[in-house]
Amino acid sequence: MAAPMLRWWCLGRRWLLACIDGGSRHGRGAAIGFTSSRKGGQTSVAQQPLITSQKSRKGEHEWAAVVGLEIHAQISSNSKLFSGSRVHFAAPPNSLVSFFDASLPGTLPVLNRRCVEAAVMTGLALNCRINKKSLFDRKHYFYADLPAGYQITQQRLPIAVNGSLAYSVCVGKKPSRVITKTVRIKQIQLEQDSGKSLHDELRSQTLIDLNRAGVGLLEVVLEPDMSCGEEAATAVRELQLILQALGTSQANMAEGQLRVDANVSVHHPGEPLGVRTEVKNLSSAKFLAKAIDSEIERQIHELENGREILNETRSFDYKLGCTMPMRDKEGKQDYRFMPEPNLPPLLLFDTESLPPGVDPQQVINIDWIREQLPELPSETRERLIQQYGILPEHSFALLNEVGLLEFFQNVIKETRAEPKKVTSWVLNIFLGFLKQQNLAVNESPVTPSALAELLNLLDRKAISSTAAKQVFEELWRSEGKTPSQIVSEKQLELMQDQEALEQACHTVMEGHPQVNNIHPPISLPGTLTALKRALDKVMDVKRGNPRAINKLIGLVRKATLSRADPTAIKEILERKLSP
């Protein structure tokens, strides 16, 4: 099958990347284009490796990039995976550590039911097969922030396997064109988190905080079905939305609740896969995309210059924009996996296999959890499109900002304005102010009720769109006032006096200098030059110039201090100018 093409050009020390698909070229960082069939506004794309090539003196050599991900999501639970210690971000160092977390002799693990239910729910949402029997293992490695010298995980038989994650991206200028891709999920496993090492470079020492040690993690292993940073970042963002919708993880990357390791390799098409490197602990979708693209570029550059790719662990330096070596990659045998002797097999049931007379609180029923599944992000986007008639890219934007969809729906409930107008205000005006002030939706000084009242004033043509924006700015600056109060205080109501509006239009058209005496709010440029320009615009309109009437409308609005409705002005002008 044909694959999207990436080409590298070397200009001095700078490598440029362009995507070539059916003759179209995109600059670096743009969404990758795909050749595919389209149905119902959506496109399904088969999994293909990304093909890259670099022009060299001996000819052109193609490269295929392969990307797989290991995603660690912190489970939303009150206590840790195997102990009763509380889970709380930013607690004082080492204040949430039990004897088991510190690995004191004689302590034993007790499995947290909530963590198991979260794993099952996540597996169901990601189309996985839930194993009714799963096992725990010890994975040995020695770090200062891992007191036991091993991590309890599920290497042999995880709780969920063989799932899939579909993610969609809007591409091109056509609003309805959506590309849907699918990445396979190898497995989902339960495991412990480690502590945190805090490096004090000033004193040349490392401090250990064990608050995070033992916190329950979901490790989601994605197969190497992706081929560039943009795909990987989009898949991670979709998984983040799913986890948040389920409530199984807050998935806040800024707080370390969602961390990503990327496995990257390149090879010539038709040949075995190349040596892979692992880029560790990527904590934002933006850095994930940049790190993967940078690593693909580095590997191609190394191979084209006759050097080898080492199987190693690397980190991403966001300041330099490139990956840096950390350590040699440890092989599976180095971890010395062994069964966890202190935990029996984890047994799950469905309705058919549930033992008779068993206490429901003592077992986990897969079918009961399936019934509790909420609406998933893909379903929510489809509902928004069907229910409100909004564009696909707008449905993505409403879900991508935490709390924005709830804000939007609350506005919709309280306003008579069209959903498309509400969408425009929420995404363009409201979200723009939030980003300008670097605020979250729940920190906004403008409530859904206030925005709904403002849109109602606009919908019944009590104020103009320009005045509405002034009111919104005032709402943002001063809490406590309603839109109606602000409109009244600043006299922003639209002119309701039809006779005065007719006179204003007539005055602008004829250029009478006595116009200031007609109606107090009306004022025209006082110079003869300005009046001549106004008359010239009238003549342009009469000669059929379509742009001139818009300029004339602007003059009337200026004369009425923006209190006249542009639609009403246009109707009057067209009527007066008609033969």
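In this predicted model, Ser204 sits in the loop that links strand 14 to strand 15. The two strands, residues 196-200 and residues 205-209, pair in the antiparallel sense over five bridges, and Asp200 has Gln205 in strand 15 as its bridge partner. Together, strand 14 and strand 15 make a hairpin with four residues between them. Within that turn, Ser204 is worth a pause: its phi is near 55°, a positive value in a residue other than glycine. Ser204 is also exposed, with a relative accessible area of 68%, which is over the 50% cut-off for that class.

A similar theme turns up in another loop. Gln491, found between helix 11 (483-490) and helix 12 (498-510), is not a glycine, yet its phi is positive at about 50°. With a relative accessible area of 55%, Gln491 is exposed. A positive phi also follows helix 2, where the residue concerned is Gly247, with a value near 80°.

Helix 2 itself (residues 229-246) invites a simple check of length. Its 18 residues, at 1.5 Å a residue, should span 26 Å, and the C-alpha atoms at its ends are indeed 26 Å apart, so expectation and model agree. Of these 18 residues, 15 are buried, and helix 2 is therefore largely enclosed by the rest of the structure.

Strand 10 (residues 137-140) offers a view of a strand with two pairing partners. With strand 11 (residues 150-153), strand 10 pairs in the antiparallel sense over four bridges, and Arg138 stands opposite Ile152 of strand 11. Strand 10 also runs antiparallel to strand 21 (residues 338-339), to which two bridges join it; here Asp137 has Pro339 as its bridge partner. The side chains of strand 10 alternate, with Asp137 and Lys139 pointing one way and Arg138 and His140 the other way. Whichever way they point, all four are buried.

Turning to helix packing, helix 6 (residues 392-400) and helix 7 (residues 404-414) meet at an angle of about 110°, and their axes lie 6 Å apart. This angle makes helix 6 roughly perpendicular to helix 7, because angles of 65 to 115 degrees fall in that class. The contact brings Ala397, Leu398 and Leu399 of helix 6 against Leu404, Leu405 and Phe408 of helix 7. By class, six nonpolar residues take part in the contact between helix 6 and helix 7, with no polar and no charged residues.

Terms used
Residues numbered from 1 in each chain as written. Predicted model: local features only at pLDDT ≥ 70, side-chain atom pairs only at ≥ 80, totals over all residues. Heavy atoms only, no water. Axes fitted to C-alpha atoms, helices over the stretch in contact; angles between N-to-C directions. Parallel < 35°, antiparallel > 145°, perpendicular 65-115°, else oblique. Contact = heavy atoms within 4.5 Å. Nonpolar A, V, L, I, M, F, W, Y, C, P; charged D, E, K, R; others polar. Expected span 1.5 Å × (residues − 1). Buried < 20%, exposed > 50% of the residue type's maximum accessible area, 1.4 Å probe, protein only. Pairing = 2+ DSSP bridges.
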